[in-house]
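Please open the structure in a viewer and keep its selection panel at hand. The tour below proceeds stop by stop, stating what to select and what is found there.

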Amino acid sequence: MRLSINKLIAITLLSLSALTVGTAAPTCAGIPYPSYTYNIWGEAVPAPQAYVPLRVLDLNSVGAGALKDPQDIVVGSDRTIYVLDTGNSRILCLTEDGSLVRVISEFDNSGSADRFRNPRGLFVTDEGEIYVADTGNARLVILDRHGNLLRIYGPPSPKTEGILPANFQYRPIKVVVNPLGQIYVVSLDAYDGLLEFDQKGNFQGFVGAPKVTPSVAEIFWRRLFTKEQREQSALILPVEYVTLDIDHEGFMMAATASEIKRLNPGGSDVLVRNGFFDPIGDFVVSSVSREQGIVTLTAGGTTWVDIAAREVGIYSALSSHGRVFTYDSNGNLLYTFGTIGDSIGAFRDPVAIDSLGNDILVLDRRSSKLTLFGPTEYQRAIHAAIELYEMGEYELSADAWETVLRFNVNYDQAYSGIGRSLLRQARYVEAMANFRLGYNRKDYSYAYSKYRADTITDHFSVIMTGFVLLVIATWLAKRYHGGTLIRRWLLDPLRRSASAQRATLWLRRGEGRTARAVREVLAWAAQTYACVSYALYVIFHPMDGFWDLKHEKRGNASGATVILALVVATYIYLRQYSGFLFTYHDVSRLNLGVEIMSVLVPFGLWVVVNWALTTLTDGKGTLKDVYVTTAYALTPVILLCLPATFLSNYMTLQEGTYYHIMIVGSLIWSIILLFFGMMNVHEYSGVKTLLTGAVTVVGIGTFLFIALTLFSVCGEMVGLLSGIYREITFRL
């Protein structure tokens with residue numbers, strides 16, 4: 001019965017969204033913050049508002065006097081709002097419209113009045129039990145919904161020595177209780193993870209300890225330190241948790257200042273991070289090259305202060321700079337809202353967040369105000385789509401995502417959502433198209449594997465018939481000398497034709513300038529073809545092959561140039577036509593000139609620097625020899641990358657290993673050939689060849705550094721001269 005009600009609610013939300021989408025998107029008038037998501041390139045993409053401020057409740061005016069340093073809010077299952085007034089050591093209980101119900105400032109403890117001391121955290125169970133992290137008294141206080149004391153759990157007392165760190169001080173600041181009654185506590189300055197207690201308050205140990213992740217520089221310098229220096233240096237400590245909540249499945253949503261985790265009862269992080277980027281809030285794209293598929297991120301200043309677990313795996317995280325980031329169960333950023341400021345919908349010092357149904361409450365510590373945010377139709381459509389999918393209503397979920405796209409055509413998650421719904425309906429081709437629009441390679445690969453299996457099954461008889469006919473034709477051609485038959489039936493009659501005989505006679509005996517030019521071109525083409533063909537021998541017999549290239553003149557500059565041109569064409573083909581699953585750059589923005597130079601510049605630098613270096617180290621190879629040898633060594637790139645690129649359009653991600661093996665294998669093969677080629681052309685030993693190769697690479701790096709420095713200096717000089725010119729012009 002509950003499932004039917006949920007379906008009815010979701011379908012109603014979807015219907016409301018569909019009715020309003022034809023009129024206008026959610027209004028943004030008077031809202032002090034922008035709304036956006038991030039695309040696959042790390043760029044902030046504007047989006048409609050998901051939440052708008054409905055009202056701001058001044059907690060100082062609810063009838064309980066002025067608040068002092070409020071730290072936490074919790075919404076109970078009966079929609080009662082609990083506000084923790086830390087500075088006044090009390091709890092305010094409010095109705096959802098902001099009316100004061102009661103104030104819990106003291107409670108009866110064995111016949112005497114007891115009070116909190118600077119409590120920092122609250123949690124309310126579905127049964128209405130109130131768990132208070134009484135920080136100043138180093139204890140947990142459990143009350144009923146009316147404020148009557150149920151029990152008190154003091155500091156942890158482990159059964160085994162050594163579990164608690166030396167000089168450990170128990171100062172609980174956050175507390176949650178899972179459906180099994182296990183209690184998890186965040187203690188201030190506790191670096192070993194969350195403290196776990198059983199239902200009776202017995203300490204069970206630490207769970208979910210954050211890992212210590214020192215930087216490479218820290219590791220390097222600490223290895224160079226003396227023992228005394230290491231003792232005096234700052235300890236590399238793991239970060240501590242700042243907040244946590246319990247989600248709909250009983251897992252803990254915990255956050256450090258910079259990272260969000262989903263912890264199972266064993267303390268392992270099971271948070272799914274399948275979005276374009278990890279759930280880290282705002283970030284800065286320090287470098288992005290859409291042509292090369294490289295996106296480099298740096299920290300964007302997001303510091304988490306609280307987290308609220310919501311329905312069907314959705315969670316909202318509050319940052320110290322006033323932004324609320326909401327993610328789905330796969331780690332996709334759904335929407336953002338909020339900012340720092342003094343206007344409605346902005347905060348001075350946000351410290352806590354919780355959900356009131358589909359509304360969001362944010363507590364501002366400095367102003368002692370509680371802001372209620374209400375969802376727009378855009379947000380309702382997003383949540384309806386996710387909930388319908390979780391309930392198995394895949395067609396309705398796809399319709400809801402279509403509604404989202406009417407609000408925001410750049411919403412990548414909507415395409416993925418539609419694709420998942422179509423995938424569940426076995427509409428693989430349509431699902432693949434949507435996954436491609438949403439840059440969802442994982443689900444695209446799965447949909448393609450299903451589509452490919454169905455296609456093979458449906459056309460198995462045709463495929464097998466064609467294969468058998470091909471085998472028979474190959475056997476007949478071999479058995480009856482198919483090449484001879486083709487020459488006899490097709491080529492010989494053409495050669496015996498009057499036109500062919502006249503053309504042949506003209507080419508052989510013609511004395512005109514044109515005939516001689518044609519003969520020279522044909523001779524050059526034949527020689528070049530022979531030289532290029534010899535590359536197939538060189539790659540399998542490098543010692544003999546490279547010797548013959550230099551001493552027997554089996555290769556020349558023309559053949560090397562043709563091979564180099566084929567390598568450039570292969571690279572462009574690889575970049576442009578690799579399968580979607582293996583293309584991580586923006587194909588529409590590829591620059592043909594840049595792609596060509598990305599091959600020719602390294603090639604040219606290697607040839608010139610290697611030749612210049614080896615002339616100083618008794619190398620026997622000329623500049624032409626180095627050029628020809630290097631070009632021939634790149635032949636495996638052509639032979640392996642071309643089929644790899646073609647096959648990548650028919651592979652899944654699981655089969656991508658073969659694609660990468662072919663690409664990487666071609667490079668390794670070329671490097672090995674280049675080693676043997678340089679050893680032959682310069683008549684070096686193996687060790688000397690390795691040393692000169694390494695020095696050549698260093699020389700290339702030095703050349704690039706000098707070139708970039710010179711370019712930078714020239715730019716500064718041009719800027720200086722243009723500034724002087726403008727100054728003189730203005731003064732005259």
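A salt bridge is a side-chain nitrogen of Lys or Arg within 4 Å of a carboxyl oxygen of Asp or Glu. This is a predicted model, in which local features need pLDDT of at least 70 and side-chain atom pairs count only at pLDDT 80 or more, while totals for chains, interfaces and linings use all residues. Residues are numbered from 1 along each chain as its sequence is written, and side-chain values use heavy atoms, with hydrogens and water left out.

**The whole chain**

Begin by displaying the entire chain, which has 20 helices and 31 strands. Helices (H or I, at least four residues) and strands (E, at least two) are DSSP runs, numbered from the N terminus. Of the 732 residues, 43% are buried. Buried means under 20% relative accessible area, exposed means over 50%, and partly exposed lies in between (1.4 Å probe, protein chains only).

**First stop: a salt bridge between two helices**

Select Asp443 and Arg420, whose side chains form a salt bridge with an N to O distance of 3.1 Å. Asp443 lies in helix α8 (residues 441–458) and Arg420 in helix α6 (residues 412–424); the pair links distant parts of the chain, 23 residues apart. Are these two residues buried or exposed? Both Asp443 and Arg420 are buried.

**Second stop: a four-stranded sheet**

Next, select strands β10, β11, β12 and β13, which form an open antiparallel sheet in that order. The edge strands are β10 (121–124) and β13, each pairing on one side only. From one strand to the next, the twist averages 20°; the angles run from 0 to 180 degrees between N-to-C directions, with axes being lines fitted to C-alpha atoms, for helices over the stretch in contact.

Now narrow the selection to β12 (residues 139–143) and β13 (residues 149–153), an antiparallel pair with four bridges. Two strands pair if DSSP finds at least two bridges between them. Which residue of β13 is the bridge partner of Leu140? The partner of Leu140 is Tyr153, and Ile142 is matched with Arg151. Five residues separate the two strands of this hairpin, and Gly147 in the turn has a positive phi of about 95°.

Remain at β12 and select Arg139 together with Asp114: their closest N and O atoms are 3.0 Å apart in a salt bridge. This pair connects β12 with strand β9 (residues 112–115), across 25 residues. Both Arg139 and Asp114 are buried.

**Third stop: a second sheet**

Select β23, β24, β25 and β26, which make up an open antiparallel sheet in this order. Strands β23 (304–309) and β26 (333–337) stand at the edges with a single partner strand each, so one side of each has no neighbour in the sheet. Between β23 and β24 (residues 315–319) there are five bridges, and Asp306 has Leu318 of β24 as its bridge partner.

**Fourth stop: a nonpolar surface patch**

Select helix α9 (residues 460–479), which gives the most to a nonpolar patch, with 10 residues. The members of this surface patch, including Phe460, Phe467 and Trp475, together have about 1,000 Å² of accessible area. Such areas come from the Shrake-Rupley method with a 1.4 Å probe; for residues, only the protein chains shown count as cover. Patches are made of residues with over 30% relative accessible area and no salt bridge, joining like charges within 9 Å and nonpolar side chains (Val, Leu, Ile, Met, Phe, Trp, Tyr) within 5 Å. Within α9, Leu476 is partly exposed because its relative accessible area is 38%.
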